[in-house]
Amino acid sequence: MKLFDVYPLFDVNIVKGQGCKVWDDKGQEYLDLYGGHAVISVGHSHPHYIKKITEQLQNISFYSNSVINRLQEELALRLGKASGYEDYQLFLINSGAEANENALKLASFSTGRTRVLAAQKAFHGRTSLAVEATDNPKIIAPINANGHVTYLPLNNLEAWEKELAKGDVCAVIIECIQGVGGIRMATEEFAQGLHAACKKHGTVLICDEIQCGYGRSGKFFAHQWLGIRPDIITVAKGIANGFPMGGVLISPQFTPVYGQLGTTFGGNHLGCSAALAVLDIMEKENLVENAHNVGEHLIAELNKLQQEYPDLILDVRGRGLMIGIDLACPHKDVRLPLIYEEHCFTGCAGTNVLRLLPPLCLTMAQADEFIEKFRKVLAFVIKKPL
């Protein structure tokens, strides 16, 4: 048997990680400004993270959700306090797509409606309803194209209010900073107007914080920059630093019903231990504040580079350690030499956006190291002397 070939791969075999650095099987060191799709929140191989997972493995790694799991209860309390949502409820699953799938199901259960509003360029996952809410026809199979979702322009409040007024929308789902969409950001005016319109028309507001949440924006959740309080919040990626886990934070307006939602592996002992270790590290090392401070510095330095290379860098946008760089050339022209020549991983979006999603422990010195590597590549691309 061979692997099902759906991933275009870089010719690099990563075998080790520490903090914001990774190494390949030849011993080459790389600066990691991608964090494995924004998953690595507290850094690779953090000793506290390893210790807590190892201790849990020596006790029990998994048992059924039909028995009490105090680690789930502890995680709910800790996450509520860390995020400012102590009055909300937590449902644990295995991934971001599952989180959005369950959030949309809850919205439909509670409203009795079936229509969803999502933003153009949205990405919410690859499972049944989550992929239907994702604005990419290439990954929506015919079996998923069921006509539930209307895509609308981000920040065009009038368009959203017009659809909500029809009274048949069960849920609005938005990323307050779009990831795959190219680090497009919701405005405060739009978010607050949308929140009010959802309340007016009895529609559930879901904030997808899977990529932009968990401290990445410089606040615990990206929507907290915008002064709104959604009915449901979905999380994954950074929640357990690489262990497969997701969660749904659910307003007290929703009353749980036995059997309404369920999962085999979600909230298992090992996953909860990983997530608790992440919260320990985030709190002890002030990683949300670090994401804000280092992110501000990185954006400022990138803006300087834009002035230096205006023909290559068209725009810089983002918050915290979630940054998009619009390029005048295909992103591969920059991303490939960054990997193979400067030994630095970044992400991308679309055809010309470079995406930075480093671990939240990125230091000022490492941010400056990236800027120098990026400058060298830009000079190479434009053939300008350093």
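At what angle do helix α6 (residues 157–164) and helix α7 (residues 188–201) pack? Keep that in mind as we walk through the structure, and remember along the way that this is a predicted model. The answer is about 10°, and the axes of α6 and α7 lie 10 Å apart. Angles under 35 degrees count as roughly parallel, so α6 and α7 are roughly parallel to each other. If you would like to find the contact on screen, look for L157, W160, E161 and L164 on the α6 side. Across from them, α7 offers E189, F190, G193, L194, A197, C198 and H201. Sorted by class, this contact of α6 with α7 has 7 nonpolar, 2 polar and 2 charged residues.

Now let us turn to the sheets. Strands of a sheet pair through backbone hydrogen bonds, either parallel or antiparallel. One open sheet here has 7 strands in the order β4-β10-β9-β8-β7-β5-β6, and its pairing is mixed. At its edges are β4 (89–93) and β6 (149–152), each of which pairs on one side only. From one strand to the next, the twist averages 20°. Follow β4 and you will meet its partner β10 (residues 246–250): the two run antiparallel and are joined by 5 bridges. Within this pair, Q89 stands opposite I250 in β10. Helix α6, which we have already met, packs on this sheet and touches β5 (115–119), β6 and β7 (169–174). The direction of α6 makes about 175° with that of β5.

A second pair of helices is worth a visit. The axes of α3 (residues 70–83) and α8 (residues 269–284) come within 9 Å and cross at roughly 30°. That angle makes α3 roughly parallel to α8. The crossing of these two helices, α3 and α8, is left-handed. On the α3 side, the residues that meet α8 are L71, Q72, E74, L75, R78, L79 and A82. They face H269, C272, S273, A275, L276, L279, D280 and E283 in α8. By class, the contact of α3 with α8 has 8 nonpolar, 3 polar and 4 charged residues.

Next comes another open sheet, this one with 4 strands. Its order is β11-β12-β15-β14, and the pairing is antiparallel. The edge strands, β11 (313–319) and β14 (347–349), each pair on one side only. Neighbouring strands of this sheet are turned by 25° against each other on average, direction ignored. Between β11 and β12 (residues 322–327), which run antiparallel, there are 6 bridges. Where should you look for the bridge partner of R317? The partner is G324, in β12.

A helix belongs to this picture too. Helix α10 (residues 332–340) lies across β12, β14 and β15 (353–356), running at about 45° to β15. Within α10, V334, R335, P337, L338 and I339 are buried. These buried residues of α10 pack against β3 (29–32), β12, β13 (344–345), β14, β15 and α11 (364–382).

Strand β3 is a good place to pause. With β2 (residues 21–24), β3 pairs in the antiparallel sense over 3 bridges. The bridge partner of V22 is Y30 in β3. The hairpin of β2 and β3 has 4 residues between the strands, and in this hairpin G27 takes a positive phi near 90°. Strand β3 is also joined to β13, this time by 2 bridges and in the parallel sense. There, D32 stands opposite F345 in β13.

Our last stop is a single residue, R216, in the loop between β8 (204–208) and β9 (232–235). Is R216 buried or exposed? Its relative accessibility is 2%, so R216 counts as buried; the cut-off for buried is under 20%. Leaving out residues up to four places away in sequence, R216 touches A38, I40, Q211, A291, R319, G320, L321, M322, L357, P358, P359 and L360. One of these, R319, belongs to β11 (313–319), while M322 belongs to β12 (residues 322–327). Also in β12 is I323, whose C-alpha atom is separated from that of R216 by 10.0 Å, although R216 and I323 are 107 residues apart along the chain.

Technical notes. Residues are numbered from 1 along each chain as its sequence is written. This is a predicted model: local features need pLDDT of at least 70, side-chain atom pairs count only at pLDDT 80 or more; totals for chains, interfaces and linings use all residues. Side-chain values use heavy atoms; hydrogens and water are left out. Two strands pair if DSSP finds at least two bridges between them. Axes are lines fitted to C-alpha atoms, for helices over the stretch in contact, and angles run from 0 to 180 degrees between N-to-C directions. Contact means heavy atoms within 4.5 Å. Angles under 35 degrees count as roughly parallel, over 145 as roughly antiparallel, 65 to 115 as roughly perpendicular and the rest as oblique. A crossing is left-handed if the near helix is turned anticlockwise from the far one by less than a right angle, and right-handed if clockwise. Ala, Val, Leu, Ile, Met, Phe, Trp, Tyr, Cys and Pro count as nonpolar, Asp, Glu, Lys and Arg as charged, and the others, Gly among them, as polar. Buried means under 20% relative accessible area, exposed over 50%, partly exposed in between (1.4 Å probe, protein chains only).
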